[in-house]
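Hi there,

Here is the model I promised to pass on. Please have a look at it first, and then read my notes below.

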There are 2 protein chains.
Amino acid sequence: MKKTGGLKLMQEINQYIILKTIREKGPISRSDIAKMTKLSPTTVTSAVNGLLNEGIVTVGGIGESSGGRKPVYVEFAPDSKYIIGVSITNSCIGIGKVNMDAQVKEKKMYPGDFQKSANAISYTLDRISDYIAECEDLSLCLGISIITPGIVDAKKGIIRNNAKLHLTNVPLKEMAEERFGLKVWIDNDANAIALAENKYGKYGSRKNLIYIQMGDGIGSGIVFEDSIFRGSHGGAGEFGHISIDKNGILCECGNRGCLENYVSWPSIYNRILDHLEKGSPTTMVSHKNSKTLDISQNDFLKALHQNDELAISVLEEPVEYMANGIVSLVNLFNPDVILIGWGSLDKDSYFITRVREKVKELAFDIFTDGLEIQPTTLGGDFQLKGAASVALEEIFEVPL
Amino acid sequence: MKKTGGLKLMQEINQYIILKTIREKGPISRSDIAKMTKLSPTTVTSAVNGLLNEGIVTVGGIGESSGGRKPVYVEFAPDSKYIIGVSITNSCIGIGKVNMDAQVKEKKMYPGDFQKSANAISYTLDRISDYIAECEDLSLCLGISIITPGIVDAKKGIIRNNAKLHLTNVPLKEMAEERFGLKVWIDNDANAIALAENKYGKYGSRKNLIYIQMGDGIGSGIVFEDSIFRGSHGGAGEFGHISIDKNGILCECGNRGCLENYVSWPSIYNRILDHLEKGSPTTMVSHKNSKTLDISQNDFLKALHQNDELAISVLEEPVEYMANGIVSLVNLFNPDVILIGWGSLDKDSYFITRVREKVKELAFDIFTDGLEIQPTTLGGDFQLKGAASVALEEIFEVPL
DNA sequence: TAAATAAATACAATTTTCAAAATATTTTTA
DNA sequence: TAAAAATATTTTGAAAATTGTATTTATTTA
């Protein structure tokens, strides 16, 4: 509790309730808002007037009469303000304008190998600076939301650790706020994307969601009761480092049998090479140059979706491991939805179908009944949507 | 949001803030409350009068003057009302009066083997009925809080599943509320005890806590940001069934290598028998009758605390497995505290010391820095304290 | 065209907070 | 020892936002 109960708080709460109703149910008439919220017409009118003045809602036409004066609809105006979303990855900085419905309106990409250069942060801040310089309507900007892999203390605004980008205890929020004079949010990418899936994705109605991010490593974002589960230092969700084989491969983290060593892209890539060497048939490449080959994740997934024999056989073991890891996840978190983010992974591909089967087989029925295991649903702009979600979550939160 | 912002809500919020201040900081003068909460003296006086009328706070003497009128202290009166706490286990029903500080004021135990009789619920309800009949001050009773192992949907008040007590979808909350006309809470035991540790235990200042319950099986309760993490169907925290060895022992749940098969009491007991057969030296028993032996968990722990050779060597492997499981837990939840509930387990015993070491060794430093791994701190009444905590949590929650 | 219905606004009543003043009590100090 | 200063609590009156009711506005229906 930050605030004590005063008239102002009371007004803020009502305005929050009304805005929420308009966002979810709009276009809607003032009269219907009053009925739904059980607030008096007077209160609704005055709050709506406030919101209209702010520009955050607009009048959206006139409805049909049901035997009296026609209702005037008001609706949420998601484009009236925007967030500058920023996504830092190992190989690319993305910056863009995102509206209040987490729709990406404009996007710029700056590729680069930040794993080597070790100046990802200063480079990012410079690009943001350029971007801001070109914004004509900065007064409508609600702030900058930055997401990055690694362990992020979102509350304090510090990147605790990111081994690949060589970052330790970077107070990015403070740095950016000082430099740009705008509100800044930072968070872990998987957390942010999980939140975006929860708020704006296809399975958004489910309260408890886990997003598993596959790539060079394996991370996850956990959303519980519609808000991010961060743990004590923002480090929750290191799914790649749960051990599923006590006597397995020694991981660079010091433990043995970490999931990451069996199902990350590098490990799968090595399996592909092994199989190719053995001369397994595949549509992915002609065999002659298989040694010098550089197969991308999307090439591989494309082959998988065409039921390429090699792609499937390569995944046989990883699928087992992944399912095993997910079973532990299910037993610990009891989620409604698990979304797997791996490029263009298809919902009917061997990978996810088999994982689904295996999880169903191994976990308690009571946990798997109604559990969805699906690919992500946000589409190409998932990172910037994620970034924006973190900001929007706070902007539209209950005023307390 | 259940309520809209009205004068009543505003008053409730302020009363909540003031009561919370008195509970945490009391005995305290009205004047100091006003300073701490930044509420006006008027508001404080009127709210305190309300609380005094309710009987939930009392005047607690007069303080020393610091150059003016002496302050009149008000303080929380935890004994002014009570909760009937009920704990159902496989072998015992416990019923007792618990005050508003989760102190157990009175306790009755009803032993029995409910795993066989299959009527644990009706037996429990009958005992509660008896208990209530003897309560003279039922008007001061805030309700009945029941905890039990198994998967419990606390929100809906249904015991979803408890294999050992043969329970499926028992609407216990409704049943009890109808029969007794009192407010009833039900929850999973590990969840409840975790909450009690968080609210009333030694490590209560930490926001994120995991309680691991060792016994016939292994369960856990997760408290995140000071409230229970239940998952979708109340099933979160099935720590005993995370797999730490993909190719390990086949578990009755269908999976392989579940933690429960390596560190639960039955599995440890079997190890003891094995060792005894081999003639390992021990202070636990004379060897002659080792075959027909019935060693209790507390006998074993007592021996362990005396550094009995056999006890230690029996635990060597379980410790490894437990540490491994905890590492996964730490990587997923990033908690501040992990508390292990296993009888009278000593904080310096081989078991916990070694687990601590091993976890420190295998998990990320950033997660283990400041992480406490300790035995439980609630003492003998932990179950009833747990039950009461669930009720108190709701009784004292923010009014929204 | 008048009556009925519905949406939106205006107004008075209510309630609770807050600020300031009043009152009560105690210590300090002249 | 009495007046002044300090602190705690209560009283008083003004301010603010809600609610319910009444009113205005707009539209349909008879």
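**What I found**

Let me start with a small detail: Asp153(A) stands opposite Ile158(A), which belongs to β9(A). Before going further, please note that this is a predicted model, where local features need pLDDT of at least 70, side-chain atom pairs count only at pLDDT 80 or more, and totals for chains, interfaces and linings use all residues. Residues are numbered from 1 along each chain as its sequence is written, chains are lettered from A and ligands numbered from 1 in the order in which they are written, and side-chain values use heavy atoms, with hydrogens and water left out.

Back to the sheet. It is open and antiparallel, with 3 strands of chain A in the order β8-β9-β10; strands are DSSP runs of E of at least two residues, helices are runs of H or I of at least four, and both are numbered from the N terminus. Two strands count as paired if DSSP finds at least two bridges between them. β8 (151-153) and β10 (167-170) of chain A are the edge strands, each with a single partner, so one side of each has no neighbour in the sheet. From one strand to the next the twist averages 15°, where axes are lines fitted to C-alpha atoms (for helices over the stretch in contact) and angles run from 0 to 180 degrees between N-to-C directions. Between β8(A) and β9 (residues 158-162) of chain A there are 3 bridges, in the antiparallel sense.

Now the two protein copies. Chain B superposes on chain A by a rotation of 180° with 0.0 Å of shift along the axis, at an RMSD of 0.1 Å. This is the relation of a two-fold axis. Both copies use the same surface, as 100% of the contact residues of chain B recur in chain A. The superposition is by least squares on C-alpha atoms of residues with pLDDT of at least 70 in both copies, and contact means heavy atoms within 4.5 Å.

Next, DNA strand D. It has 28 residues around it, and the nearest are Thr42(A), Thr43(A), Ser31(B), Arg69(B) and Val72(B); a residue is near a strand if one of its heavy atoms lies within 4 Å of it. Of the atoms of DNA strand D within 4 Å of the protein, 70% belong to sugar and phosphate. α1(A) gives the largest share of this surface, 5 residues. By class, the surface near DNA strand D has 6 nonpolar, 15 polar and 7 charged residues (nonpolar: Ala, Val, Leu, Ile, Met, Phe, Trp, Tyr, Cys and Pro; charged: Asp, Glu, Lys and Arg; polar: the others, Gly among them). A side-chain N or O atom of Asn14(A) is 3.2 Å from a phosphate oxygen of DNA strand D, and for a polar side-chain atom of Lys35(B) the distance to a phosphate oxygen of this strand is 3.1 Å. Arg30(B) instead uses a backbone N or O atom, 3.2 Å from a phosphate oxygen of DNA strand D.

Finally, DNA strand C. This strand is surrounded by 28 residues, with Ser31(A), Thr45(A), Val72(A), Thr42(B) and Thr43(B) the closest. Here sugar and phosphate make up 73% of the atoms within 4 Å of the protein. α1(B) supplies the largest share of the surface, 5 residues. A polar side-chain atom of Arg69(A) lies 3.4 Å from a base nitrogen of DNA strand C, whereas Lys8(B) places a polar side-chain atom 3.1 Å from a phosphate oxygen of that strand.

Best wishes

Notes:
A polar contact is a pair of N or O atoms within 3.5 Å; within protein, one must be able to donate a hydrogen and the other to accept it, and residues adjacent in sequence count only if both atoms are side-chain atoms.
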